[in-house]
Amino acid sequence: MPVDATSPARHPFGALPSRPGSQPALREQNQQRIIRALVSSGPQTQAELARQTGLSTATVSNIVKIMALGGMVSTMPTTSSGRRALSVILNDNGSVAAGVDIGRRHIRVVLAGLDYRVLQEESTPLPLGHSAAQGVEAAADLLGKLLDRGRLDRAALLGAGIGIPGPIDRRTGTVVQGAILPEWVGINIRETFGERLQVPVFVDNDANLGALAQVAWGPHSSVDNLVFMKIGSGIGAGLVLNGALFYGNVGITGELGHTTISEHGLVCRCGNRGCLETVASTSTMIELLSRGTTDTVSTQDIVTRALTGDTATLRVIDDAGLAIGRAVAHVANLINPELVVVGGPLTELGEILLQPIRRGLTRHAVPIIGETTTVRMSSLGDRAEALGGAAVVLSQPGLTTRAFAPL
């Protein structure tokens, strides 16, 4: 129903605007704080909302009741620290965020709503050595396809979070030397994708996005200190310290794949010798398992052979896991994380890969750190990086809370 010029403007959920300084105005301000917390961190219990917003638990409880009656949020029984609690979920208002994971041989795009529900997703192969132009066009095409398939209006797209397997200079949004996609070095991802997609673009290293996904989408939202290890053609780490992604000086962090494991080892693409990637990446595993055969070995073949008990494959994985655990130990000795989450295309291996990583960690870490650091496989599989990209967009209050702001 149209509103005439003399009618008071209405909130999208029906609430009338309030006078500044009044009790309703204060309630609206607190409501926006809760919305921002839910947008940035996803579903939370009322106690977690109180801690994040600084509001009292009674205030949060009252506001959540009002928001639930207005259709802004939904609540669901859950448990927190063994006690019964209510999980608060921001309802979908039609807006969507895109997460784009660019890999050496693939691209994956996900679309998610404000309620952190995946609406559409798909991946497609890319040629080895693809250019930035090819990757951008593939992302744009796949994004358009998913919007059409979900009957979603492009105007509902809030933005896109892009993950690249390599170091990103956060000052410029440019891929720097050392990326596993050398054809992308020097490309300003933020500008290139922004011009093509015509939406706000946020760029990050794929391992950082994988780490973000573990706390935004996975079961680790309460973990303040976490290391996410992506093991694939390259090896990288995303660091969550004191509840936030750690970027260091210019954004080049977590390059664990270039930790020296063997001083006299193979020359790495970074120019050094004996880097972790030269002994533990999926590319190295494929090379080792392809010797003496004309068969083409794929990453999925590694998983399949290991699960069926192939001796050579299990040995290669065990050696790689020990090396990875040694590198993780160096990081653990520095930052003492609560949890190490392993992701990438080998997640189906489960304990076959986790056990040697744990052995390497406990062998090379300070004993009490090795004993108290948990190592788990990511429950998000190869979706983590794309989900992290969507989470970056959803964590931008300026983009997302406007749909709930009083008109």
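This is a short tour of selected sheets, helices and single residues, with a suggestion at each stop of what to select next. Keep in mind throughout that the model is predicted.

**Stop 1: the three-stranded sheet**

Start by selecting strands β1, β2 and β3. Together these 3 strands make an open sheet, ordered β1-β3-β2, with antiparallel pairing. At its edges are β1 (44–45) and β2 (73–80), each of which pairs on one side only.

Now keep just β2 and β3 on display. Strand β3 covers residues 83–90, and its antiparallel pairing with β2 runs over 8 bridges. Two pairs of residues are handy for finding the register: Thr-78 is opposite Ala-85 in β3, and Met-76 is opposite Ser-87 in β3.

Then follow the chain round the turn. The hairpin of β2 and β3 has 2 residues between the strands, and Ser-81 there has a positive phi near 55°. As background for that value, most residues other than glycine have a negative phi.

**Stop 2: the five-stranded sheet**

Next, select β11 to β15. What is the order of the strands in this sheet? Reading across, you meet β13-β12-β11-β14-β15, 5 strands in an open sheet with mixed pairing. The edge strands here are β13 (244–245) and β15, each pairing on one side only.

Zoom in on β14, residues 339–343, which pairs with β15 in the parallel sense over 4 bridges. Leu-339 is a good residue to label, since you will find it opposite Thr-374 in β15. Strand β14 also pairs with β11 (residues 226–231), again in the parallel sense, over 5 bridges. For that pairing, label Val-227, which stands opposite Val-340 in β14.

Now show the side chains of β15, residues 374–377. Which residues are on the covered face, and which on the uncovered one? Val-375 and Met-377 are on the covered face, while Thr-374 and Arg-376 are on the uncovered one. The general pattern to bear in mind is that side chains in a regular strand alternate between the two faces of the sheet.

**Stop 3: helices across the sheet**

Keep the sheet in view and add helix α10, residues 311–335. This helix lies across β11, β12 (235–241) and β14, and runs at about 160° to β11. Then add helix α11, residues 351–364, which lies across β11, β14 and β15 and runs at about 160° to β15.

From the end of α10, step into the loop that leads to β14 and pick Asn-336. Its phi is near 50°, a positive value in a residue other than glycine. Asn-336 counts as partly exposed, at 43% relative accessibility.

**Stop 4: α6 and a buried asparagine**

Select helix α6 (residues 206–216) and highlight Asn-208 within it. Is Asn-208 buried or exposed? Asn-208 is buried, because its relative accessible area is 1%, and the cut-off for buried is under 20%. Setting aside neighbours within four places in sequence, Asn-208 is in contact with Ala-237, Gly-238, Leu-239, Leu-245, Tyr-247 and Thr-253. If you want to relate this spot to Stop 2, draw a distance to Val-375: the two residues are 167 apart in sequence and 18 Å apart in space, C-alpha to C-alpha.

Now bring in helix α13, residues 384–394. The axes of α6 and α13 come within 7 Å and cross at roughly 75°, so the two helices are roughly perpendicular to each other. To see the contact, show residues including Leu-209, Leu-212 and Ala-213 of α6, and Leu-387, Ala-391 and Val-392 of α13. The contact of α6 with α13 divides by class into 8 nonpolar, 4 polar and 2 charged residues.

**Stop 5: α4 against α5**

For the last stop, select helix α4 (residues 132–149) and helix α5 (residues 189–197), whose axes come within 10 Å and cross at roughly 40°. The pair is therefore oblique, and α4 passes α5 in a right-handed crossing. Side chains to show here are Val-136, Glu-137, Ala-139, Ala-140, Asp-141 and Leu-143 from α4, with Thr-192, Phe-193, Arg-196 and Leu-197 from α5. By class, that contact has 6 nonpolar, 1 polar and 3 charged residues.

Finish on Gln-198, in the loop between α5 and β10 (201–205). Gln-198 has a positive phi near 60°, and this residue is exposed, with a relative accessible area of 63%.

Conventions:
Residues numbered from 1 in each chain as written. Predicted model: local features only at pLDDT ≥ 70, side-chain atom pairs only at ≥ 80, totals over all residues. Heavy atoms only, no water. Axes fitted to C-alpha atoms, helices over the stretch in contact; angles between N-to-C directions. Parallel < 35°, antiparallel > 145°, perpendicular 65-115°, else oblique. Left-handed = near helix turned anticlockwise from the far one by under 90°. Contact = heavy atoms within 4.5 Å. Nonpolar A, V, L, I, M, F, W, Y, C, P; charged D, E, K, R; others polar. Buried < 20%, exposed > 50% of the residue type's maximum accessible area, 1.4 Å probe, protein only. Pairing = 2+ DSSP bridges.
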